[in-house]
Amino acid sequence: MSDVAVRLAGVRKSFGPKTVLAGIDLEVRRGEFFALLGPSGTGKTTLLRLLAGLEVPDAGTVLAAPRRTTVYQEPRLVQARRVLANVTLGLPRSSRDAGRRALAEVGLAGHERAWPATLSGGEAQRVALARALVRDPQVLLLDEPFAALDALTRLQMQDLVAELCARHRPAVVLVTHDVDEALRLADRVAVLRGGTFADDREVGLPRPRDRDDPALADRRRALLSHLGVEPASALTPDPH
Amino acid sequence: MTLERPPAAPAPAPEEVATTDVPAASAPDAEAGDGELRVPARIGTRRRRPAVSLAVRTGVPVLLVAAWWYGTASGGIPPDVLTGPGAVLGALRELAETGQLTDYLLASGRRAALGVLAGAGAGLLLGVAAGLSALGEELIDPTMQMKRAVPFLALVPLFISWFGVGETFKIVLIAVATAAPMYAYTYLGVRGVDRKVVEAARGFGLRGARLALAVIVPSALPSILMALRISLSVSLTGLIAAEQIGASEGIGYLVTLAQQYYRNDYMVLCILIYALIGLVIDLVIRGVERLAMPWRGQVAAR
C-alpha cells in the first residue's frame, strides 16, 4: 500500500492557445491536507478536474486513489430529491444509515426529508459535504467550497471541514484563492502561477492556528507576494 | 466555534462504509483495491469530431433508405405495398416537369407560414404572459389547457361554416393548431427561467415588456425554439386537413390525390416530401439556434 494518494507527473493541459498547466509534478500523501492557491484563471480548477476525471491531460500522468469525491463551490444538489437522497445519490439503499450519520456529522440531523430548496446556503453546502463524506473518500477534492458562503458560515464550515478531515484522514486537495483559508486548514500550501508551482511548502505550524501568530503572518506575506499582492497591501492587518 | 453534533453519532467506521456501501458507487477504478493509485476514470464528456458526428447523424436515415431500396429491388416488398425508389423518383420527375411541385410547395408554404406566424405568435405572447405573472397565468392558462385538449381537427366543420373552404379557413386552422404547442412550451420555458436572475432584473427597474424582451425571452429561447419546431410540424398536419377540402394545389392536396387514385408511388412521394421538409425545418432551426443562442456550445460545466 502506497503512502501517496495523488501523483501527478509532467502534467500539461492547454485550452486552445492558452496553456494552463505547463508540466506539473505533485504528490499528496494519504491524510495530507494540500491547499492550492492561485489567481483566478491559472488552472487550479483544471488541476482538480483532472483528478476528478473530468478532463484528461494533454501530456503527463495523473494518478489518484480510486475513491475520490468532490465538493464544488456551489452545492450542486438535485433539487428534485430530498436531502438524504442527495447524500446517498447513486449508493444502494443500505447506505441510508451511513447517509444519516454523515448528515449528523455535518450538524444536519433531522433534515433528512427536507428539500434542497428550503436550505440556507451554508446548510446546502454541508449537505454537499455529507454527500462527499458518506463515500469515505481516500481523496477529497474541494473546489473553493467556502467561496459562496457568508463570512461567519465560512468560518464555521472551515472548522467543520478541518475537524472532519482530522477524523477521516483523507488526502485533501483544496483549491482556493483565500490565503488565510489555506493557512488555517492546510498542512502544505502551493501557489500555481504561469502553469507551474511558484511555491510549495509545508505550513509546519501547530493547530488550531492563531491568525495573529507572527510566523503565520510571515507565511501570509510570502504567499501574497507569490500571488502578486504587495506586502504593504491592506490585506495584512499589521498594527504599525 | 464548532457546530453542535450529537456525541452519540460517531463517524462511520471506514471499513463499514467502504466494504458494504461504496464499491457500487465508485465502481470503475475501485476494483484494483484501495492501495493502488489509478488513472482517474474518465467521467467528463468527450469532444467528438465533426466528421464522426455527421456520419453517425446521417447513418440511420441512410440505412433506412438502403433497406427500402434493397427490399423493393429484390422483390421482398411487393410494389403495391411499398413502391421502390425508382418509381417514386419517376413520380417526382413527373410532378417537377409539369411545374406542379413548385406550385404545390409554394401554396402550402404560404398557408403554413401565415398560419404559423399568427398562431405561434399568439402562442408566444400568451405563453410569456402566463409564465411571467400570476394574473396572466390565472387568466390564460386554464383556457389554453382546455383549448389544447380540443383536437384541432374537431374544429374543421365549425371553421368551414364560419369561413367557407377558402384560404382564410386554411390559415385559421393552422394558426389555431400551432398556437397550442407554442403556448405550452413557451410557458414552460418562461417558468424555467432562473427566478434569481428575474429578481435581479426587476431590481434594476425592468418591468413588463422590457423585462420580457431583455431577460425572459432570451433565457427561455431554447424552449421557444423547441416550440417552433413542434409548431412547424403541427402545421404540416394542419395542411393535410386543410387542403383535403376546397384546394386544387398544395402538398396536403397531393396526399388526397394519391389516396383517391390509389397511386402508391405518390403516397410514398408525399411521405418523402414531408420527411425532407422536416429535415429542412431542422436545419433552419439549428441555424437559428446558432445565431440566436451564441452562448450555447461554449458552456463548460465549471
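1. Read from the N terminus, the elements of chain B follow the order α-α-α-α-α-α-α-α-α-α-α-α. In this predicted model, chain B therefore contains no strand to set beside its helices: the assignment gives 12 helices and 0 strands.

2. The record for chain B supplies one annotation to compare with this helical pattern. UniProt, in an unreviewed entry, places the feature "domain: ABC transmembrane type-1" at residues 105-285 of chain B. In the model, that span is 86% helix and 0% strand. The C-alpha atoms at the two ends of residues 105-285 of chain B are 19 Å apart.

3. Burial and contact range in chain B may be read together. Buried residues account for 26% of the 302 residues of chain B. Of the contacts in chain B between residues at least 6 apart in sequence, 71% join residues at least 24 apart.

4. B:Ala177 offers a local view of the packing in chain B. This residue belongs to helix α8 (residues 167-191) of chain B. B:Ala177 counts as buried because it has 25 C-beta neighbours inside 10 Å, where the cut-off for burial is 20 or more. Leaving aside residues up to four places away in sequence, B:Ala177 touches B:Gly119, B:Phe152, B:Val234, B:Ser235, B:Thr237 and B:Gly238. A further pair to inspect is B:Ala177 and B:Ala120: they are 57 residues apart along the chain, and their C-alpha atoms are separated by 9.0 Å.

5. Chain A has a mixed composition, with 7 helices and 9 strands. Its C-alpha trace spans about 50 × 45 × 35 Å along the principal axes. The radius of gyration of chain A is 18 Å, which agrees with the value near 18 Å that a compact globule of 240 residues would have. Of the 240 residues in chain A, 47% are buried. Among contacts in chain A with a separation of 6 or more, 68% come from residues 24 or more positions apart.

6. One sheet of chain A is open and has 6 strands, in the order β5-β6-β7-β3-β8-β9, with mixed pairing. Its edge strands are β5 (68-71) and β9 (196-202) of chain A, each of which pairs on one side only. From one strand to the next, the twist averages 15°.

7. Which residues of β3(A) cover its two faces? On one side are A:Phe33, A:Ala35 and A:Leu37, and on the other are A:Phe34 and A:Leu36, all of them buried. Since 5 of the 5 residues of β3(A) are buried, this strand is largely enclosed by the rest of the structure.

8. The pairing of β3(A) can be followed on both sides. β3(A) pairs with β7(A) in the parallel sense over 4 bridges, and A:Leu36 has A:Val175 as its bridge partner in β7(A). β3(A) also runs parallel to β8(A), to which 4 bridges join it; here the bridge partner of A:Leu37 is A:Val191.

9. The mixed character of this sheet appears at the next pairing. Strand β8 (residues 188-193) of chain A is joined to β9(A) by 6 bridges, and the two strands run antiparallel. A:Ala190 stands opposite A:Asp200 in β9(A).

10. A helix of chain A should be considered together with this sheet. Helix α1 (residues 44-52) of chain A lies across β3 (33-37), β5, β6 (139-143), β7 (171-175) and β8 of chain A. Relative to β6(A), helix α1 of chain A runs at about 150°.

11. Another open sheet of chain A has 3 strands in the order β2-β1-β4, and its pairing is antiparallel. At the edges stand β2 (18-29) and β4 (59-64) of chain A; each has a single partner strand, so one side of each is left without a neighbour in the sheet. The twist in this sheet averages 20° from one strand to the next. Strand β1 (residues 4-15) of chain A is joined to β2(A) by 9 bridges, the two running antiparallel. Within this pairing, A:Val4 has A:Arg29 as its bridge partner in β2(A).

Key
Residues are numbered from 1 along each chain as its sequence is written. Chains are lettered from A and ligands numbered from 1 in the order in which they are written. This is a predicted model: local features need pLDDT of at least 70, side-chain atom pairs count only at pLDDT 80 or more; totals for chains, interfaces and linings use all residues. UniProt positions are given in the numbering used here, feature names are shortened, and annotations may be inferred rather than shown by experiment. Two strands pair if DSSP finds at least two bridges between them. Axes are lines fitted to C-alpha atoms, for helices over the stretch in contact, and angles run from 0 to 180 degrees between N-to-C directions. Two residues are in contact if their C-beta atoms, placed from the backbone, lie within 7 Å. The radius of gyration is taken over C-alpha atoms; the globule rule is 2.2 Å times the number of residues to the power 0.38. A residue is buried if 20 or more other C-beta atoms lie within 10 Å of its own, exposed if 12 or fewer, and partly exposed in between; C-beta atoms are placed from the backbone.
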